[in-house]
Structure formats: C-alpha cells, structure tokens
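Here is a short report on one protein model. It covers confidence, a helix, the strands, the cysteines and the aromatic rings.

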Amino acid sequence: SAKVIDQVRSQRRNSTFRTDDVVILPDRRSRKFIGDIAEKQPCFCLFCNDLDSKSASAFVDTNDHGEHYMHCSHCDQTYWSDNPRFCNSQIDLYFDHKAGYPALFDGDIKFFKNKKDWVNFCRVRNLDPYIDEQLPRAKLTFDPADEHGLNTRSETFNIFEPSSYLKVFEKKYKPDLEVLAKHTPRIYSVLKNVLGEDMIVNCFLNWIGFILQERRKTTLAWLITTEARGTGKEVIFKLILGLIFGDKQTQLFQGSSIGEKFNSMDATCWLRCYDEVFQRGEFVENLKRREWLKTKIGSKTMELEPKGIDKIILNSHINYLLFSNSTHALLLEQGDRRFNVTRNPFSTPLTKMDWWVDGPTMEKEIEAEIPAFAQYVQQIEVHFNQANYPTDTEARRELLEASKEDVQVFIDHLEAGDADFFNLDSFWNDDFTIDLVRRSIELKKSIPAKYANQILTRMLKGSIINIRRRLEEHGVKSITIRIPGFQAPVKAWQKV
C-alpha cells in the first residue's frame with residue numbers, strides 16, 4: 001500500500017541504514033527487521049524507487065564478520081549499517097587509540113597507516129571503509145589471563161588466543177609421575193630421557209603447570225643440556241608444549257639470534273625457546289647474550305615498535321626455555337637466580353629407545369597423549385617458589401663453579417689438567433688450536449703463552465698485567481717447556 005511505501009522510504013538516511021530498520025520482502029506484504037536477517041534475503045531497496053518496479057532489486061546479507069549490508073542492482077551500490085556489530089566472535093578489528101590507526105589482529109597485528117591500504121582491505125573483505133569512524137576504541141594487550149578480543153570494560157583488545165587444550169580445573173592433585181607414566185607413557189619417556197631424575201621432572205612440570213594455571217610470567221628460565229644429540233629436547237618444545245601453549249604463541253629460534261629484535265613476534269609470544277644457546281668461538285658474544293637474557297627474563301614489559309608508529313609498551317608474558325649440548329652453555333654469576341640448570345648424563349638419542357619405530361609413529365603417539373598430559377599439568381598443585389627460584393641441581397653447581405672468576409679456582413683446574421673447565425671452544429672455532437691447548441692442559445698442566453692472554457682476560461677480572469701478577473703470587477709463572485704438538489720448546493703458564 002502507499003502507506004507502507006511511505007513508511008519504508010521514510011527510513012532512508014543518506015547511504016546508511018540501521019539494523020532495526022524494516023525492509024519489504026518480494027511478496028510486497030511481508031516485512032522484516034534487518035537485524036533479524038541471518039542469510040541472504042531478497043527485498044526492496046531502502047534507497048531507490050524499486051518498489052515501483054515489478055520485482056525487488058536488492059538483497060540484505062551479512063559479511064564474514066556479522067555486519068549487515070544491502071546491495072541494490074538498481075542503484076548499483078552497496079549500503080552499510082550505521083551501527084555495525086563488532087564482537088569477539090565476529091571480527092578482530094578495532095581502532096587503536098595508542099597508535100592512532102585502525103588495527104587488525106589476524107595471527108599478527110597490523111596497523112592501517114595508509115588510507116589506500118585500509119580502503120583496499122575493506123573492499124576485499126566486503127566491509128564499509130567508513131567503519132573506521134565507528135570502530136571500538138581500545139589499546140593492544142597480550143594477556144593469557146583474559147579472554148581473546150575486545151574488552152569494552154577495560155578498553156583493551158587482547159591478542160592472546162588460547163589453545164583448545166587450555167582449561168580450568170577446580171580440583172587439584174599432588175604431582176604423581178606414576179600417574180603420568182600410566183596415561184602418557186611416550187611423553188613421560190621423553191621427559192625422563194631429557195631431564196633425568198624424578199625431582200627434576202617434577203620441577204619442570206611444576207614450572208609448566210604454574211605458567212598454564214596462573215597465566216603469569218615466571219622469573220625463571222630453564223637451561224636444559226644433554227651430551228647426546230637427538231634426545232628429545234625439541235620434541236618437548238615442538239610436539240608437546242607447542243600444542244598446549246598454542247602454535248602462534250610458541251617460538252623456536254637458534255641461540256645465535258638471542259638479542260635480535262622481533263617486535264610483533266614478541267607481542268604474541270608466551271613461550272620461547274632458544275636452541276643451542278652456546279655458540280662456539282664466541283666468548284664475548286655469549287656473555288652479551290647471557291646479559292640480554294637476564295634482562296628479558298626479569299622484565300615485566302616489552303616495547304613494540306611498528307614502523308611509523310610511536311613505541312607501544314606491552315606487558316611481557318614471554319617465558320624462556322634454553323637448550324644446549326655444551327656443559328658450560330652459559331656462565332652464571334654467583335647469586336644469579338634467573339636460571340634453572342639441568343643435565344642428564346645418561347640421556348640417549350630417541351632412535352635408540354626400545355619403543356622407537358620411526359618419527360611419524362612417535363609423533364602420532366605423542367599427539368594422542370597431549371589431552372591427558374595437558375590435563376595433568378593443569379591439575380597438579382603448583383608452588384610459586386619452585387616455579388620462580390632455581391633448584392639446587394648438580395648441573396647448576398658445576399656451572400656456577402666453572403663461572404667463578406677466582407684465581408685459585410683457575411689454578412686448581414689447571415693443576416688437575418681439567419681442560420673442560422676452560423670451555424676452550426668458546427675461545428676458538430678452530431679444532432687444531434683447541435686440540436693443541438687441550439693437550440697442553442691435560443698432559444703438561446700448562447697453557448701455551450701464545451694462547452694464554454685470550455683465556456686469562458676472559459676468565460679472570462682485571463688487566464692482563466694485573467692478572468699475571470696475581471697468578472705469579474700464587475706460583476703460576478711463564479716458563480719454557482716442551483709441549484706435544486710444538487716442534488720446539490715454548491713459553492707456557494704453569495704452576496711451579
């Protein structure tokens with residue numbers, strides 16, 4: 001009727017509509033609220049005279065983000081709602097009031113600084129480019145303790161994405177490795193092979209359980225070392241922890257990349273692993289990496305520096321795992337409480353385990369055990385101190401002893417012919433030199449003068465003149481001796 005036509009046409013508002021507007025359906029009698037339309041619905045256009053036509057020339061539908069739009073073939077135009085619905089389940093788009101640009105989280109954070117880029121994005125995604133004026137204002141955050149997406153109460157957009165294995169269990173149980181071995185025999189076997197003693201395994205699981213249950217960053221990193229290669233360290237990180245923490249929130253890098261800036265990758269990281277933190281022949285660089293790690297492990301915030309945007313400060317939730325095959329992967333300072341150290345001297349390659357068939361079989365077996373393992377670490381009783389302060393392990397004591405900058409300790413190991421103490425492959429990347437100095441220490445309890453300065457200045461404090469004076473006071477002097485590998489007698493530092 002003319003009354004209905006006038007009523008519908010009165011709803012026109014320039015080129016936008018509201019979800020509580022009413023459209024007339026093709027039979028000209030039925031009407032429907034736009035907000036009630038869940039799938040493509042033919043109708044008459046709100047913005048042209050197609051009601052005078054024989055048939056409806058428009059339709060209303062929703063895009064992938066739940067936003068209603070109307071397209072009219074008669075107008076040859078698409079119209080948009082002036083109150084688009086944005087919620088966590090529909091769209092990861094918001095206006096970042098800290099950066100001053102529209103922002104999208106799609107596994108990575110993107111700021112639309114360029115207007116053309118924004119318009120192109122909207123057209124590809126079937127979005128109204130003018131929605132940037134109506135996007136919810138928020139600031140970026142990464143918080144494992146909060147739900148993913150927009151939080152209107154705190155005006156934050158949380159880019160943390162929980163994996164399907166993360167759950168909250170009210171009832172807690174005391175740790176019991178027999179229970180773990182029963183329900184996850186393959187995972188238990190890998191953990192035991194890498195970590196060794198039950199006490200160490202329980203400490204490690206307490207650390208993991210604390211992070212998952214409390215959703216807080218620990219002030220402790222784990223340094224896990226093994227003599228043999230292929231013992232399962234990467235299996236623990238990639239195939240077990242990676243699935244529970246979430247693939248997008250776990251990152252594995254080579255130790256040589258410690259100290260490099262990752263920016264947006266930092267923003268979405270919950271658990272990071274550096275494989276082989278010890279780099280051969282890079283003594284000074286190894287010390288710099290240790291200092292960088294100490295800062296990051298204890299830091300509560302991080303800096304995100306997107307190109308062309310002012311620095312953004314985020315809370316840091318990155319927890320660190322460190323792997324190495326070196327006995328002295330990091331030199332620890334006395335009193336340092338940031339590193340838990342473990343080394344299992346009896347670990348063997350997984351390929352020698354009695355249950356080993358092949359890689360794909362092991363992966364399937366571990367994947368089948370992940371739900372039970374995830375439940376175990378989220379149901380055990382966890383202890384704050386054990387998760388945030390180092391455990392007194394033999395490996396940690398040995399590393400602290402090797403790290404002492406004490407002349408008498410240095411001399412004691414030289415007299416004992418303990419070449420391992422000096423960590424020679426941290427000074428040189430040359431097997432011939434390393435072997436030559438090693439034989440000199442082991443056979444002659446001496447260090448060739450040609451190579452002594454590099455060792456002395458890096459293992460003992462002070463200038464080389466001061467170091468030599470202190471050594472001489474303790475009976476270590478430069479004398480001429482014969483050393484295997486040298487054709488003629490050479491000068492060497494030795495206790496006399």
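Contact here means heavy atoms within 4.5 Å. The model is predicted.

**Confidence**

The average pLDDT of the protein is 86. At least 70 is reached by 92% of the residues. Over residues 8–13 the pLDDT is below 50. That stretch has 17 contacts in the model beyond near neighbours in sequence. Residues 85–90 also stay under 50. For them the model has 15 contacts beyond four places in sequence. Where pLDDT is low, the predicted coordinates should not be read in detail.

**Helix H4**

Helix H4 spans residues 185–195. Nine of its eleven residues are buried, so H4 is largely enclosed by the rest of the structure. The buried set includes Arg186, Ile187, Tyr188 and Ser189. Val190, Leu191, Asn193, Val194 and Leu195 are buried as well.

What do the buried residues of H4 pack against? Among the helices are H3 (177–183), H5 (198–214), H6 (233–245) and H9 (359–379). Strands E14 (221–226) and E20 (339–344) are partners too. Just after H4, Gly196 takes a positive phi of about 90 degrees.

**Strand E8 and its partners**

Strand E8 covers residues 93–96. Leu93 and Phe95 point one way, and Tyr94 and Asp96 the other way. All of these residues are buried.

E8 pairs with strand E9 (residues 101–105) in the antiparallel sense, over four bridges. Phe95 has Pro102 as its bridge partner in E9. The hairpin of E8 and E9 has four residues between the strands. In this hairpin, Gly100 takes a positive phi near 85 degrees.

E8 also runs parallel to strand E11 (residues 137–141), joined by two bridges. In E11, Arg137 stands opposite Phe95. Phe95 therefore has a bridge partner in E9 and a residue opposite in E11.

The loop between helix H2 (115–124) and E11 holds Ile131. Ile131 is buried, with a relative accessible area of 0%. Its C-alpha atom is separated by 9.0 Å from that of Trp80. Along the chain, Ile131 and Trp80 are 51 residues apart.

**A three-stranded sheet**

Three strands form an open sheet in the order E21-E23-E22, with antiparallel pairing. The edge strands are E21 (446–448) and E22 (476–481), and each pairs on one side only. Neighbouring strands are turned by 35 degrees against each other on average, direction ignored.

E22 and strand E23 (residues 490–495) pair over six bridges. One of the positions is Ser478, whose bridge partner in E23 is Trp493. Helix H13 (residues 431–444) lies across E21, E22 and E23. H13 runs at about 150 degrees to E21.

**Cysteines**

How many disulfides does a search of the whole structure find? The search finds zero. Cys45 is in no disulfide, and the nearest cysteine sulfur, that of Cys72, is 3.8 Å away. Cys72 is in no disulfide either. For Cys72 the nearest cysteine sulfur is that of Cys75, 3.5 Å away. A disulfide needs the sulfur atoms within 2.5 Å, so these distances do not qualify. Cys45 counts as buried at 3% relative accessibility. Cys72 is buried, with a relative accessible area of 0%.

**Aromatic rings**

The structure holds 21 aromatic pairs. Two of them are set out below.

| Pair | Centre to centre | Angle between planes | Arrangement |
|---|---|---|---|
| Phe47 and Tyr79 | 4.0 Å | 20 degrees | stacked |
| Phe421 and Phe422 | 5.1 Å | 85 degrees | edge-to-face |

The pair of Phe47 and Tyr79 links distant parts of the chain, 32 residues apart. Phe47 is in the loop between strand E4 (41–43) and strand E5 (58–62). Tyr79 is in strand E7 (residues 77–81). Phe47 counts as buried at 15% relative accessibility. Tyr79 is buried, with a relative accessible area of 5%.

Phe421 is buried, with a relative accessible area of 4%. Phe422 counts as buried at 1% relative accessibility. Elsewhere, ring pairs link Phe142, Phe160, Phe245 and Trp270 into a cluster.

Key:
Residues are numbered from 1 along each chain as its sequence is written. This is a predicted model: local features need pLDDT of at least 70, side-chain atom pairs count only at pLDDT 80 or more; totals for chains, interfaces and linings use all residues. Side-chain values use heavy atoms; hydrogens and water are left out. Buried means under 20% relative accessible area, exposed over 50%, partly exposed in between (1.4 Å probe, protein chains only). Axes are lines fitted to C-alpha atoms, for helices over the stretch in contact, and angles run from 0 to 180 degrees between N-to-C directions. pLDDT is the predictor's confidence in each residue, from 0 to 100. Rings of Phe, Tyr and Trp (its six-membered ring) pair if their centres lie within 6.5 Å; planes under 30 degrees apart count as stacked, over 60 as edge-to-face and the rest as tilted.
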